[in-house]
Amino acid sequence: MEFNENNIDLETIIRDEVNKYLSRDIGDLPATQQAPLELREKYEKMEVPNKGRDIYEVLKDLNNEVLNYLYRPNHPRSFSFIPGPASRLSWLGDILTTANNIHASNFANATLPINIERNLINYLAGKIGYEIKPAGGVFVSGGSMANLTAIVAARDAQVEMEDIKKATVYLTSQTHHSVGKALHVAGFLKNNIRRIDYNDDFTMNTDSLKAAIDKDIKDGYKPAMVIATAGTTNTGSVDDFTTLGDICDNYNLWLHVDGAYGLSHILSDKAQHLFKGIERSDSASWDAHKLLFQTYSCAMVIVKEKNHLLQSFGEDAEYLDDIASDDDVIDPEMLGIELTRPARALKLWITLQVIGEDEIIERIKYGEGLAEYAEEYVSGLDNWRIISHANLSIVNFRYENSDLTEVQNNQLNSMAAQKIADSGYAIAYTTVLNNQRVIRLCTTNPLTTHDDIRETINRLDQYINDYNMKDA
């Protein structure tokens, strides 16, 4: 039988498309661009043809339309979402692993890729401070899957299923929303999730935590786990792991750390002090597609005791008997939810092997310095106020005119953020802290310059000044 793609010069096309990508300067493209309604309707209604279309027509649609109207996380002025920027080395790893279509569920299918995965899990576990031998983990799609995997393991270690209706979990309103989803999937009741107060620096208030645990015990509940954060999405805040470790030890609670964004900063000597005591935790999530400069998707869940993952996810299937590993080697599919899974670790391995740890650290520290520079620059402008100080490459600020109401100031900040996004120059969206609308910059891109920071802030300021002049 003859297949359509056999008549296509795919080698030339692939080479041309790769060269086209490599030759572009992403800084010359809009940081974000919304697709017009007619294009959205076009692709929602496009039918699958009975006879295949010409490949050059399809690529024209892809390059001129589908891949043109995007948020670009690699853009040097994409400041609002943490994922990205991705190294081209990671992209190269994606190409090679995808081309080989690796099924990385077990050692028989992908022996060396899984050896590399185990090696990197051990490397990162060591950075957290876990002992390598009992510790373990698995690469997953992202922070949401990492948090879910850890929470299921914690549930099975801490809660008898007949007691699940009495099991309580403790977190703050700054905890990433993926944790709430994970707790729901894992069977924890919504009414048993305790939102603990946070401090002025947006970290968990440990006195409030202890009081909530004591009250739950008195009321007949069964406290199960605390969800801490190493670098909140809003402010980059890092919880007090030493005190949390003491509390969890005293009450026999599982301590999970959502480090999806912030945990990479543990490599930086500027930020290492913030992570003191994190080795007291029982599990952690860590996204390499955030600040280890990987393409989607590349994340890890790491546990202090590998057996907890095995007890939750180890399963026998008769059709896997021929490829089951020896008892002394645990396949990745026995440590997490996925059976069909790509070799996500390879692109991180390529990046680390070529760049080296020292340069990764310098890139992280550069981003930290950019946030500090942004704070300094904003502090010199009239009517602008820092709301959360530069922390792990995140800073929050807002325009605040004392002659206006809080509602009016909130509207001005939202307007400025939307206008700069609509312009395509930069993305600097807002978030809400203490019921105030604030502009948030996440400065993780090593290609971002001080000029990028200054011009972005100046444009935000100019949008508001122009609006005030028009309204006067």
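**Close-up 1. An open sheet of four strands in a predicted model.** The strands follow the order 8-9-11-10, and their pairing is antiparallel. Strand 8 (384–391) and strand 10 (430–433) are the edge strands; each of them pairs on one side only. On average, neighbouring strands of this sheet are turned by 35 degrees against each other, direction ignored.

**Close-up 2. The pairing of strand 8 with strand 9.** Strand 9 covers residues 394–399 and runs antiparallel to strand 8. Five bridges join the two strands. Within this pair, Asn 391 stands opposite Ile 394 of strand 9.

**Close-up 3. Helix 13 on the sheet.** Helix 13 spans residues 357–379. This helix packs on the sheet and touches strand 8, strand 9 and strand 11 (436–442). The direction of helix 13 makes about 165 degrees with that of strand 8.

**Close-up 4. Helix 14 on the sheet.** Helix 14, residues 406–423, also packs on the sheet. Its contacts are with strand 8, strand 9, strand 10 and strand 11. Helix 14 points in a direction that makes about 120 degrees with the direction of strand 9.

**Close-up 5. Gln 158 and its surroundings.** Gln 158 lies in helix 6, which spans residues 143–158. With a relative accessible area of 29%, Gln 158 falls between the limits of 20% for buried and 50% for exposed, so this residue is partly exposed. Leaving aside residues up to four places away in sequence, Gln 158 touches Ala 224, Asn 252, Leu 253 and Trp 254. Ala 288 is 130 residues from Gln 158 in sequence; in space, the two are 28 Å apart, C-alpha to C-alpha.

Technical notes
Residues numbered from 1 in each chain as written. Predicted model: local features only at pLDDT ≥ 70, side-chain atom pairs only at ≥ 80, totals over all residues. Heavy atoms only, no water. Pairing = 2+ DSSP bridges. Axes fitted to C-alpha atoms, helices over the stretch in contact; angles between N-to-C directions. Contact = heavy atoms within 4.5 Å. Buried < 20%, exposed > 50% of the residue type's maximum accessible area, 1.4 Å probe, protein only.
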